[in-house]
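Q: I'd like a close look at a single sheet in this structure and at what packs on it. Please start with the chain as a whole, and bring in the other parts once the sheet is clear.

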Amino acid sequence: MNLQTIKLYDENAYETEFTAKVISCKKDEKSDDRFIAVLDRTLFFPEEGGQTPDKGKITLQGEDDINVIDVQIKDEVIYHYVDKAISEGAEVSGVIDWIHRFSNMQQHSGEHIFSGIVNKQFGYDNVGFHLSDSVVTMDYSGQLSEEDLFDIEKKVNGAIYENREIKAFYPTKQELLSIDYRSKKELTGAIRIVEVDGYDICACCAPHVRKTGEIGILKVIGSQNYKGGTRVSILCGFRALKYLADEHDMILKLAGSMSTSIDNVPSQFEKQQEEISELKRKLSDASEKLLMKDATEIPADMKNACLFTDGGMDPNVIRRVVNTMVADRGGYQGIFFGDDNSGYRFIIGSAEGLNSNDVLSELKKCCNVRGGGKSAMVQGSVEGAGADDIRRVFAALQ
Ligand SMILES: [Zn+2]
């Protein structure tokens, strides 16, 4: 059985290089090209408490670098998943990816302040935390409105500017009794406390920044109802900066394409939306007139008729024209909109005493039809048939 791994990251979250002795290295049974190495001590933070593990390399003097692909912890033993075997007993050096680690520290410390404020102000617990390379989410046990989130975000950033101290320590059992701390679950063993001066005290195993100022900035980027509470997505530090820079770039391009300044983008957008609505209305009127004209040009001796038009037409317009055709001509009248290649959507109407579903039954004999409705009007879509096939079906109707 392996001894507990010494967690060097616990003592100093800012160290990036370390040396260690290889306790064991075995082939990973679940993978052809991975090995699992246990060291006597490590700076690699494992996947734990909702946070994904550190990245980095292990080096054995005179040999190629060994990549650390994953890091897991079980019963206080830390397992490094590596891409090469390492001899047991070897002295190795390791280096963690500091940019990745520091980003995780920024996100995690930001989360503590956020959750501390939520807990104090609303009494809600953080019941789920996820920190990966792409997302940072917290699940709170109660509802938080947009205004609440805006207010909490402002307070967290206030705490960041105050540059408060963050310290991690292992209190004695006696000391722990007098500390009022947040905890996600009933913890066993030595409990590590992370205290953000004036804002939060929480049991936590992860590395944190030393001063809140190092978090830089916290931005809420989304929220949703989740299991009766609220899931909040945040970004801190460089991640938040990149997100906001990308957004700024996007809106700059948008302003450029509208030939206006950033300030005017919302009003310009609203104006364009109104123009689009107006154009759609005009187009719909014109299409209706054209279809009506086509309908009046159908030869009088053709009892049952169908018209074809391109896709993208307003179904309400089609329905009105079909109703007019039925009222003027009786029989079965249909309008098909789309094209031979991608298929047609249709609306078919019939005079009193007839059943439009009978046309569907006939169409089904030659092509793939979906849809239905009442006897006076059916609608649906048809695939695998061209306009000529459909015309033939209508011509053969009694
Ligand atoms: Zn934590």
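A: Accessible areas here come from the Shrake-Rupley method with a 1.4 Å probe. On that footing, the chain exposes about 22000 Å², and carbon and sulfur atoms supply 50% of that area. Keep in mind that this is a predicted model.

Still on the whole chain: nine helices and 20 strands make up its list of elements. The radius of gyration is 34 Å, whereas the globule rule gives 21 Å for 398 residues, so the chain is more spread out than a compact globule. Along the principal axes, the C-alpha atoms fill a box of roughly 95 × 50 × 45 Å. Buried residues come to 43% of the 398. Of the contacts between residues at least 6 apart in sequence, 61% join residues at least 24 apart.

Now to the sheet. Four strands make an open sheet in the order β9-β10-β15-β14, and the pairing is antiparallel. At the edges sit β9 (126-131) and β14 (218-226), each of which pairs on one side only. Ignoring direction, neighbouring strands are turned by 20° against each other on average.

Let's go through two of the pairings. β10 (residues 136-140) is joined to β15 (residues 229-236) by four antiparallel bridges, and within β15 you'll find Arg231 as the bridge partner of Asp139. On to β14 and β15: eight bridges hold this antiparallel pair together. Tyr226 stands opposite Gly229 in β15. These two strands form a hairpin with two residues between them, and Lys227 in the turn has a positive phi of about 45°. As for what does the joining, strands of a sheet pair through backbone hydrogen bonds.

Two helices pack on this sheet. Helix α3 (residues 146-161) touches β14 and β15, and its direction makes about 150° with that of β14. Helix α5 (residues 237-257) touches β9, β10, β14 and β15, with its direction at about 90° to that of β15.

For contrast, look elsewhere in the chain. There you'll see a closed barrel of six strands, running β2-β3-β7-β6-β5-β8 with antiparallel pairing. Its neighbouring strands are turned by 45° against each other on average, again ignoring direction. Strand β2 (residues 17-27) has five antiparallel bridges to β8 (residues 91-96), where Glu91 is the bridge partner of Lys21. β2 also pairs with β3 (residues 35-39), antiparallel and over five bridges; in this case Lys27 has Phe35 as its partner. Further round, six bridges join β6 (residues 66-74) to β7 (residues 77-82), another antiparallel pair, and Gln72 is matched with Tyr79 in β7.

One last stop is helix α8 (residues 357-364), whose buried residues are Val359, Leu360 and Leu363. Seen down the helix axis, they fall within an arc of 105°, so they line one face of α8. That fits the usual geometry: an α-helix has 3.6 residues a turn, so residues three or four places apart point the same way. Among the elements covering the buried residues of α8 are β17 (332-339), β18 (343-350), β19 (368-373), β20 (377-383) and α9 (387-396).

Definitions and conventions. Residues numbered from 1 in each chain as written. Predicted model: local features only at pLDDT ≥ 70, side-chain atom pairs only at ≥ 80, totals over all residues. Heavy atoms only, no water. Pairing = 2+ DSSP bridges. Axes fitted to C-alpha atoms, helices over the stretch in contact; angles between N-to-C directions. Contact = heavy atoms within 4.5 Å. Buried < 20%, exposed > 50% of the residue type's maximum accessible area, 1.4 Å probe, protein only. Arc of directions from axis to C-beta. Rg over C-alpha atoms; globule rule 2.2 N^0.38 Å.
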